Amino acid sequence: MANYDEDTAFLGQKGPFFVNLFFLLNAIYISTGLHGLYIVFVGASPSHHCRIADGNLSEEWMTASIPNETVNGKLQPSQCRRYSLETVRELSAQGYSPLEVNLTDITLETCVDGWSYSTEIYHSTIVSEWDLVCDSEWRVPFTTSTLYMGYLLGSLVSGQLSDRFGRKKVLFVSLAAEALVILAQSFSNSWLLFCILYFFVGAFQISLYITAFVLGSEVLSKSLRVLFTTLGAFLHYCIGYMVLPWMAFAVRDWRSLLRVLSGLTVVYIPLWWLIPESPRWLLSQGRVLESEAIVREAAEKNKVSVPEVIFSESQVKENSKFSVLDVLQTRDIRRTTFLCLLLWMAINIGYFGLSLNTTNLSGDPFLNCFLSAVTEVPAYIMSTILLKSCPRRPVLSAFLIIGGGFLLLLQLIPESQHTLALVLEMAGKFGFTMSFTVVYIYTAELYPTVLRNLGMGLCSSAARIGSITAPYIIFLGTFNKYLPYILMGSLTIASSITNMFLPETFGKVLPETLEQMQKCRRRDKHTLEEGKGTVIMKEDKI
């Protein structure tokens, strides 16, 4: 296959075609930010206590029927227990007031009549609707995990589908399907149905994310490609993430919120006629004329002349269909895939582990969510600046060492220094956020066009395993508060070392075929051996 970047160099770097496509693809990422974390509000647990189903009791007795208990050093009304309602009724009927009775002598019972929920912050959530509290509290984190399980399936399937049927079709099918499933989710009549639908939300959402990423990597020019896969995609995700809490603030009923989020997707319908298929993918499928038609349209928009022949028929060979086995075909590709899987898993364990382990901020939950999104912006900007002029391997290793190193330092901080410990945790998360940015573009540059989406899908699957594992690593903190930090920090430091065995991609043309990928690997290996030989010669001279 001819080299695509060389054959299309006449298009330039920043013409209207590339700029328009850059903003259109970024606009899609705003939807992933809106849809990715709505469970924070939909699955929020309002303040609650046992319902006292007796209208004959005085307000004083109804308040006294809920015992106080100490939670995290604070005294508050029990959320899962109440004094025996039968005993309370008898005492009230006998004319006693709560002040005249030793309430601690009354037998406790569970909330057999259900719960009463505060509507001060949330009008309704899935927790208040289906009583996902007390003995059923485990269902809330499980609900969140179904999203990541869907991510796992979507990561595996979407790569193969888009490599077979095209980037554009899978992109828009995923976008439409996600909106429809969210709409269906708003009509859920049970927790189980909500979870099943949430699983498919995750599958379609990650498919949308990965396919848009690969489409941008393949169609955009070199200069805009780096900007898109770093600052563009992640920053626009943050825009959606930052808008979400204000939408949840305005719409505080979970069903209405999901319907609004689903309905907003209609604004993306015109993009079907504005976003083209990937010419690289068409070329890899032997569809030369279709690929040339898109390139000629791009040249017309960029107002540049087009050569008579862009892609020679003799240089293009129709490729066979590829599967997961192809990324394990040779030793070099197996090694690259294994190292990428390890990197993605380690980064996700650290990122989601820190996110789950961060102390809940006091104050307004909507403002807290907004601030949480804002803190990721500096990391994306800094990593984007570095990626424009720095090699991938050392930059990624440095960010991983920052993330893991700060976690390992936490065990040295005195327990009284809560602020310093929080600063170190946030510094660690800052490192992981930057690592996210780098590993996406690095992986996309490592794989050839014929396997790029498939490779990205596999790596994203490893990331999902990491995100599913993270809560269990945090659970180890019940045995030793520093054990999760030691495990996450050690894994991250180890992954920063293994990262150095991957080939460097900075300043190199994206590989189109398996053969080109293997040549890059051998060339990189040969460079390392030459470097070692030079060092040995210098030592001999000394």
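1. Buried here means under 20% relative accessible area, and by that cut-off Cys459, at 0% relative accessibility, counts as buried. The structure is a predicted model, and the points below concern its cysteines and, at the end, one serine in a helix.

2. A search of the whole structure finds two disulfides. When the bonded cysteines of the protein are numbered in sequence order, their pairing reads 1-3, 2-4.

3. One disulfide links Cys50 with Cys111, with an S to S distance of 1.7 Å. Cys50 belongs to strand β1 (residues 48-50), whereas Cys111 sits in the loop between β5 (108-110) and β6 (115-117), so this pair ties together parts that are 61 residues apart in sequence. The torsion about the S-S bond is -60°, and the link of Cys50 and Cys111 is left-handed. Both Cys50 and Cys111 are buried.

4. The other disulfide joins Cys80 to Cys134, with an S to S distance of 2.0 Å. Both partners are loop residues: Cys80 lies between β3 (74-77) and β4 (81-83), and Cys134 lies between α6 (126-130) and α7 (139-165), so the pair ties together parts that are 54 residues apart in sequence. Because the torsion about the S-S bond of Cys80 and Cys134 is about -100°, this disulfide is left-handed.

5. The accessibility of the two partners in this second link deserves a separate remark. Cys80 has 23% relative accessibility and therefore counts as partly exposed, while Cys134, at 18% relative accessibility, counts as buried; the cut-off that applies to Cys134 is under 20%.

6. Which cysteine sulfur is nearest to that of Cys340? The sulfur of Cys459 is the nearest, 4.6 Å away, and Cys340 is in no disulfide. Cys459 is likewise in no disulfide, its nearest cysteine sulfur being that of Cys340. Since a disulfide requires cysteine sulfur atoms within 2.5 Å, the 4.6 Å separating Cys340 and Cys459 does not qualify. Cys340 is buried, with a relative accessible area of 1%, and Cys459 is buried as well, at 0% relative accessibility.

7. Away from the cysteines, Ser207 may be worth a look in helix α9 (residues 191-219). Ser207 has 6% relative accessibility and so counts as buried. The side chains of Ser207 and Ser174 are joined by a polar contact of 2.8 Å. Leaving aside residues up to four places away in sequence, Ser207 touches Ser158, Val170 and Ser174, so that Ser174 appears both among these contacts and as the partner in the polar contact.

Terms used:
Residues numbered from 1 in each chain as written. Predicted model: local features only at pLDDT ≥ 70, side-chain atom pairs only at ≥ 80, totals over all residues. Heavy atoms only, no water. Helix = DSSP H or I, 4+ residues; strand = E, 2+ residues; numbered from the N terminus. Buried < 20%, exposed > 50% of the residue type's maximum accessible area, 1.4 Å probe, protein only. Polar contact = N/O pair within 3.5 Å; in protein donor to acceptor, adjacent residues only side chain to side chain. Contact = heavy atoms within 4.5 Å.
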